[in-house]
Amino acid sequence: MATAAPSAASRIAVVTGASSGIGAATARQLAAAGYRVVLTARRKDRIEALAEEINKAGHQATAYALDVTDRAAVDEFATAFKTIGVLVNNAGGALGADPVATGDPADWRQMYETNVIGTLHLTQALLPKLDASGDGTVVVVSSTAGHGTYEGGAGYVAAKHGAHVLAETLRLEIVGRPVRVIEIAPGMVKTDEFALTRFSGDAAKAEKVYEGVAEPLTADDVADTITWAITRPSHVNVDLLVLRPRAQASNTKVHREL
């Protein structure tokens with residue numbers, strides 16, 4: 001099935017966490033699909049460089065430095081729009097891999113603030129703009145961690161369960177309004193920063209996550225899935241799409257060629 005071109009009223013797509021990884025890849029692919037993408041992240045230099053790249057490619061992009069955990073800043077950001085068509089809640093991430101007994105509460109709090117409260121802030125602030133478009137889409141990029149636990153991941157698992165429940169509940173609450181709610185839950189994705197950030201810059205620990213896995217998912221794989229879901233006809237809602245590499249059967253069972 002051919003992808004549907006966005007209508008004039010719904011052609012603006014806001015992507016959070018767009019400075020790298022899945023967010024940056026999603027921004028590129030949505031721009032190529034005809035959306036005017038608004039790139040948000042804390043690292044202003046990264047999103048400005050990406051916006052320049054997208055614009056040079058003949059598409060449309062704008063960069064806006066934003067911390068999704070800062071509600072006042074999010075509310076100010078939202079005043080820039082009368083309508084938008086798409087919100088991709090991608091900002092998030094994992095910190096640490098300690099067991100519950102010794103996990104750092106500060107890491108847990110930061111993961112919850114970014115993955116859940118940040119998503120809540122953007123969704124609340126932009127939902128009226130999505131409604132006003134007459135054809136809006138909210139995407140929550142969660143994780144397979146939001147659907148199954150694993151040892152050493154409780155803080156991240158708890159945060160992504162929160163993101164999953166937010167999406168599921170929002171879909172119930174706004175049924176009948178012209179806004180879809182899509183959840184994309186990736187499994188093992190190898191990006192430049194995810195595992196490195198999780199392990200505080202320890203490259204050896206970060207590489208161990210993917211050791212022996214022939215082909216983990218890439219940021220482009222996930223972005224392709226997000227873009228596909230968004231560009232389905234308006235009456236089609238992809239409630240939940242879980243994607244993993246073929247080598248990963250679950251969060252705890254991965255085939256490694258060692």
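## The cavity

By class, six nonpolar, five polar and four charged residues line the largest cavity of this predicted model. The lining comes to 15 residues. Leu-95, Gly-96, Ala-97, Asp-98 and Trp-108 lie nearest the centre of this cavity. Helices H4 and H5 are the elements that give two or more residues to its lining.

The space inside is about 90 Å³. A search of the whole structure turns up one cavity of 30 Å³ or more.

## A pocket at H1 and H8

Next, an open site. The second largest pocket has a volume of about 190 Å³. Its lining consists of Ser-20, Gly-21, Ala-24, Ala-25, Arg-28, Arg-46, Lys-190, Thr-191, Asp-192, Glu-193, Ala-219 and Asp-220. By class, that lining has six charged, three polar and three nonpolar residues.

Which elements give two or more residues to the lining of the second largest pocket? They are helix H1 (21-32) and H8. H1 gives the most, with four residues.

## The sheet

Seven strands form an open sheet. Their order is E3-E2-E1-E4-E5-E6-E7, and the pairing is parallel. Strand E3 (60-65) and strand E7 (240-243) are the edge strands, so each pairs on one side only. From one strand to the next, the twist averages 15°. In general, the strands of a sheet pair through backbone hydrogen bonds, in either a parallel or an antiparallel sense.

## Pairing from E2 to E5

Strand E1 (residues 12-15) is joined to strand E2 (residues 36-41) by four bridges, and the two run parallel. Val-14 stands opposite Val-38 in E2. Val-15 has Leu-39 in E2 as its bridge partner. E1 is also joined to E4, by three bridges, again running parallel. Here Ala-13 stands opposite Val-86 in E4.

E4 then pairs with E5 in the parallel sense, over four bridges. Leu-87 has its bridge partner, Val-138, in E5.

## Faces of the strands

In a regular strand, side chains alternate between the two faces of the sheet. Are the faces of E1 covered or uncovered? Both are covered. Ile-12 and Val-14 are buried on one side, and Ala-13 and Val-15 are buried on the other. E4 also has both faces covered. Val-86 and Val-88 are buried on one side, with Leu-87 and Asn-89 buried on the other.

The edge strand E7 has one covered face, made of Leu-241 and Leu-243. Its other face, Leu-240 and Val-242, is uncovered. Four bridges join E6 to E7, which run parallel. One pair of bridge partners is Pro-186 and Leu-243 in E7.

## Helices across the sheet

Helix H5 (residues 154-173) lies across strand E5 (136-141) and strand E6 (179-186). H5 runs at about 155° to E6. Helix H8 (residues 219-230) lies across strand E4 (86-89), E5, E6 and E7. H8 runs at about 160° to E6.

Both helices also appear at the spaces described above. H5 gives two or more residues to the lining of the largest cavity. H8 does so for the second largest pocket.

## Val-138

Val-138 sits in strand E5. Is Val-138 buried or exposed? Its relative accessibility is 0%, so Val-138 counts as buried. Leaving aside neighbours within four places in sequence, Val-138 is in contact with Leu-87, Asn-89, Thr-123, Leu-130, Leu-170, Val-179, Arg-180, Val-181 and Ile-182. Leu-87 in this list is also the bridge partner of Val-138.

How far apart are the C-alpha atoms of Val-138 and Ile-230? They are separated by 8.9 Å, although the two residues are 92 residues apart along the chain.

## His-121

His-121 lies in helix H4 (residues 105-133). His-121 has a relative accessible area of 9% and is therefore buried, the cut-off being under 20%. Leaving aside neighbours within four places in sequence, His-121 is in contact with Val-68, Thr-69, Asp-70, Arg-71 and Val-74. The helix that holds His-121, H4, also gives two or more residues to the lining of the largest cavity.

Conventions. Residues numbered from 1 in each chain as written. Predicted model: local features only at pLDDT ≥ 70, side-chain atom pairs only at ≥ 80, totals over all residues. Heavy atoms only, no water. Axes fitted to C-alpha atoms, helices over the stretch in contact; angles between N-to-C directions. Contact = heavy atoms within 4.5 Å. 1 Å grid on protein atoms, 1.4 Å probe; cavity = no way out; pocket = protein on both sides within 12 Å on 5 of 7 lines; lining within 4 Å. Points joined across faces, edges and corners; volume = space filled by probe spheres on them. Nonpolar A, V, L, I, M, F, W, Y, C, P; charged D, E, K, R; others polar. Buried < 20%, exposed > 50% of the residue type's maximum accessible area, 1.4 Å probe, protein only.
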